[in-house]
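This briefing goes through a single structure by topic, beginning with the surroundings of one helix and then turning to a metal site and to aromatic side chains. Please read it with the sequence and the model in view.

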Amino acid sequence: MTETLFDLPKTPAIQVLGEARSYPIGRIFCVGRNYAAHAAEMGNEVDREAPFYFTKSAANAVLSGATAPYPPGTSDFHHEMELAVAVGAPLFRASREEARAAIYAYGCALDMTRRDLQGQAKDKRRPWDLGKDLEQGTVLAPLTRAADWDGPAGKKIWLKVDDVLRQDASLDEMIWSVEDILCHLSGYYHLRPGDLILTGTPAGVGAVQAGQAIRGGIEGLSDVSLTLSEAE
Ligand code: MN
């Protein structure tokens with residue numbers, strides 16, 4: 001292989017609890033409108049026919065505990081607290097059993113969103129990239145191996161901004177389960193180790209300001225946090 005002209009910034013790798021080696025991030029797939037109450041607060045009805053997705057760049061992900069500047073181009077920057085699923089084996093046109101067996105780990109994630117830009121894109125039937133795939137716009141907590149957690153059933157998911165509770169729901173409210181999503185998405189992609197799936201956010205999304213601290217959690221998993229500093 002020839003030498004490259006320059007080096008790209010390294011994409012982060014996520015700590016795995018109880019494992020010396022970290023989990024490198026390949027691709028990040030995000031599920032849209034996977035909680036009915038969140039779809040309703042965004043003015044949408046839930047489409048029960050099939051889940052839909054958008055992607056966020058691994059290069060734009062940061063690890064929990066990061067401090068990031070309030071991003072450019074928005075005056076309505078929102079938090080979205082989500083369950084992340086880390087794929088640990090190749091998965092293509094998967095059965096439910098194959099999907100379950102391919103889950104390596106779970107974690108907490110923030111899908112930070114320039115809501116005003118996402119809204120303008122929706123209105124104009126344009127892609128969501130400016131609203132969603134922003135720099136330092138995905139925040140990832142340390143992962144817990146699937147074998148070390150008893151799974152999403154019945155678990156609380158919550159998010160606080162400066163210690164004020166904003167999102168408070170149960171993972172049981174997900175319209176499409178983790179297995180549903182892996183089966184469906186693997187009909188369109190050859191999923192592989194390094195692929196992360198963010199499974200959507202419950203109701204209670206809202207704006208955050210420079211200087212505020214965001215912390216989210218899911219029962220049994222490691223919390224995710226982000227502090228916003230002044231805009232550059
Ligand atoms: Mn989201």
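What covers the buried residues of helix 5? In this predicted model, the covering elements include strand 3 (28-32), strand 4 (52-56), strand 8 (81-87), helix 2 (96-101), strand 9 and strand 15 (196-198).

**Helix 5 and its surroundings**

- Helix 5 spans residues 178-185, and because six of its eight residues are buried, the helix is largely enclosed by the rest of the structure.
- The buried residues of helix 5 are Val178, Glu179, Ile181, Leu182, Cys183 and Leu185, and strand 8 (81-87) and strand 9 are among the elements that cover them.

**The manganese site**

- The manganese ion has as its protein donors Glu80 and Glu82, each through OE, together with Asp111 through OD, and these lie 2.0 to 2.1 Å from the ion.
- Along the sequence, the donor residues follow the spacing E-x1-E-x28-D.
- Glu80 counts as buried at 4% relative accessibility, and Glu82 is likewise buried, with a relative accessible area of 0%; both values fall under the 20% limit that defines a buried residue.

**Aromatic pairs**

- Six aromatic pairs are found when the whole structure is searched.
- One of them joins Tyr23 and Tyr104, whose ring centres are 5.9 Å apart and whose planes meet at 10 degrees, so the pair counts as stacked, given that stacking is assigned to planes under 30 degrees apart.
- This pair links distant parts of the chain, since Tyr23 belongs to strand 2 (residues 19-24) and Tyr104 to strand 9 (residues 103-111), with their positions 81 residues apart in the numbering.
- Tyr23 is buried, with a relative accessible area of 6%, whereas Tyr104 is partly exposed, at 27%.
- Tyr70 and Phe77 form an edge-to-face aromatic pair, with 5.6 Å from centre to centre and 75 degrees between the planes.
- Tyr70 counts as buried at 12% relative accessibility, and Phe77 counts as buried at 2%.

**Other aromatic arrangements**

- Phe52, Phe54 and Trp128 together form one aromatic cluster.
- Lys160 lies over the face of Trp158, at a distance of 5.7 Å from the ring centre.

Conventions. Residues are numbered from 1 along each chain as its sequence is written. This is a predicted model: local features need pLDDT of at least 70, side-chain atom pairs count only at pLDDT 80 or more; totals for chains, interfaces and linings use all residues. Side-chain values use heavy atoms; hydrogens and water are left out. Rings of Phe, Tyr and Trp (its six-membered ring) pair if their centres lie within 6.5 Å; planes under 30 degrees apart count as stacked, over 60 as edge-to-face and the rest as tilted. Helices (H or I, at least four residues) and strands (E, at least two) are DSSP runs, numbered from the N terminus. Buried means under 20% relative accessible area, exposed over 50%, partly exposed in between (1.4 Å probe, protein chains only). A charge sits over a ring if NZ of Lys or CZ of Arg is within 6 Å of the ring centre and within 35 degrees of the ring normal. Contact means heavy atoms within 4.5 Å. Donors are N, O and S atoms within 2.8 Å of the metal (3.2 Å for Na, K and Ca); water is not among the atoms, so sites may look incomplete.
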